[in-house]
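Let's take a walk through a protein chain together. Have the sequence and the 3D view ready, and follow along as we go.

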Amino acid sequence: MKHIARKRFGQHFLTDPGVIDAIVRAIDPRAAQPMVEIGPGLAALTQPLVERLGRLTVIELDRDLAARLRAHGQLDVVESDVLKVDFTALRATASGPLRVVGNLPYNISSPILFHLLDHVAVVQDQHFMLQKEVIDRMVAAPATADYGRLSVMLQWRYAMENVLFVPPEAFDPPPRVDSAVVRMVPLPQPPVIDVKHLSELVQVAFSQRRKLLRHTLGKWLEQRNAAGNFDLQRRAEQVPVSEYVSLAQSTQA
């Protein structure tokens with residue numbers, strides 16, 4: 001029976017064999033590696049992945065799709081909202097750090113990325129298909145239009161690259177946007193930082209991105225009696241990730 005894509009789950013099913021093959025090659029799965037796929041859908045990526053891995057854990061919210069996936073003998077199915085999944089607990093039962101992959105629903109891609117940031121210590125790498133516009137923001141360099149809060153909040157912890165462009169016609173139904181695949185590799189020696197403090201600082205900095213930072217971050221720093229030589233005569237997008245990290249470290253309680 002044909003599965004009808006559900007709008008509320010943001011379902012767009014990958015159907016192009018050439019694109020599927022290119023994504024699998026980018027991921028490069030090896031036998032027995034612990035891998036978790038988010039939102040396997042109709043198993044377009046799942047099948048070529050599990051053929052190389054031998055076994056695969058999949059997280060699927062749609063109960064009809066989860067039931068189909070359970071019929072596959074090589075899949076461990078977690079029927080859940082991915083935002084409620086404890087990836088650290090999944091790692092505890094695995095033979096090594098997790099490789100996480102998926103075609104993420106566009107409507108909740110950022111919350112998923114931030115949820116995984118909480119479990120980054122147990123992750124080897126992540127490969128996600130997302131809206132190209134989101135990936136452009138994730139990998140953006142300072143002093144560009146795409147550089148913003150998402151860039152800083154992910155780049156302090158991951159090395160990232162856009163590895164593949166995916167056109168709308170590769171999906172059924174086709175989304176109204178271009179897609180891409182991003183590779184995210186946790187940095188081996190990340191800075192020691194209070195992530196919530198960094199998040200608040202960056203949110204304030206980018207709250208009025210056309211204004212100089214003295215109008216936004218300047219007041220925030222004053223309230224914390226945080227002096228120093230941080231240059232506030234810049235706009236938020238002109239400040240590199242490393243400077244945001246240093247400022248967060250010097251101002252956290």
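## Two helices that cross

Before we start, a quick definition: a helix axis here is a line fitted to the C-alpha atoms over the stretch in contact, and the angle between two axes is taken between their N-to-C directions. Also keep in mind that what you're looking at is a predicted model.

Now find helix 1 (residues 17-27) and helix 2 (residues 46-53): they pack at an angle of about 40 degrees, and their axes are 10 Å apart. Their crossing is right-handed. Helix 1 brings Ile20, Val24 and Ile27 to the contact, while helix 2 brings Pro48, Leu49 and Arg52. Sort those contact residues by type and you get five nonpolar, one charged and no polar.

## A closer look at helix 2

Which residues of helix 2 are buried? They are Thr46, Pro48, Leu49, Val50 and Leu53. Besides helix 1, these buried residues pack against strand 2 (35-38), strand 3 (56-60), strand 4 (75-79) and strand 5 (98-103). Right after helix 2 comes Gly54, which has a positive phi, near 100 degrees.

## Two domains and the core between them

The domain assignment splits the chain into domain 1 (7-186) and domain 2 (195-250). Their C-alpha centres lie 31 Å apart. Where they meet, twelve residues of domain 1 are in contact with 15 residues of domain 2.

In soluble globular proteins, nonpolar side chains tend to be buried together. In this model, the largest nonpolar core has 51 residues, and the ones with the most contacts inside it are Ile38, Phe87, Phe128, Met138, Met184, Leu217 and Tyr244. Helix 10 (residues 241-251) is the top contributor to this core, giving five residues. Why does this core lie between the two domains? Because domain 1 and domain 2 both give residues to it.

## Phe128 and the second core

Try clicking on Phe128. Leaving out residues up to four places away in sequence, Phe128 touches a long list of partners, including Ile38, Val100, Leu104, Ile135, Val182 and Met184. There's also a second, separate core of 24 residues, with Leu53, Leu56, Leu69 and Val77 among them. You've already met Leu53 as one of the buried residues of helix 2.

## Ser109, tucked away

Ser109 sits in helix 5 (residues 109-117). Is Ser109 buried or exposed? With a relative accessible area of 4%, Ser109 is buried, because anything under 20% counts that way. Setting aside neighbours within four places in sequence, Ser109 is in contact with Leu104, Leu130 and Val134. Leu104 is also one of the residues that Phe128 touches.

## Two alanines in one loop

Finally, look at the loop between helix 6 (132-138) and helix 7 (149-155), where you'll find Ala140. Ala145 is found in the loop between helix 6 and helix 7 too. Which of these alanines is buried and which is exposed? Ala140 is buried, with a relative accessible area of 6%, whereas Ala145 counts as exposed at 73%, because the cut-off for exposed is over 50%.

Not counting residues up to four places away in sequence, Ala140 touches Asp146, Tyr147, Ser151 and Gln155. Ala140 and Val101 are 39 residues apart along the chain, and their C-alpha atoms are separated by 21 Å. Ala145 and Glu237, on the other hand, are 92 residues apart in sequence, with 7.8 Å between them in space, C-alpha to C-alpha.

Notes
Residues numbered from 1 in each chain as written. Predicted model: local features only at pLDDT ≥ 70, side-chain atom pairs only at ≥ 80, totals over all residues. Heavy atoms only, no water. Axes fitted to C-alpha atoms, helices over the stretch in contact; angles between N-to-C directions. Helix = DSSP H or I, 4+ residues; strand = E, 2+ residues; numbered from the N terminus. Left-handed = near helix turned anticlockwise from the far one by under 90°. Contact = heavy atoms within 4.5 Å. Nonpolar A, V, L, I, M, F, W, Y, C, P; charged D, E, K, R; others polar. Core = buried A, V, L, I, M, F, W, Y, C linked by side-chain atoms within 4.5 Å. Buried < 20%, exposed > 50% of the residue type's maximum accessible area, 1.4 Å probe, protein only. Domains from an automatic or database assignment.
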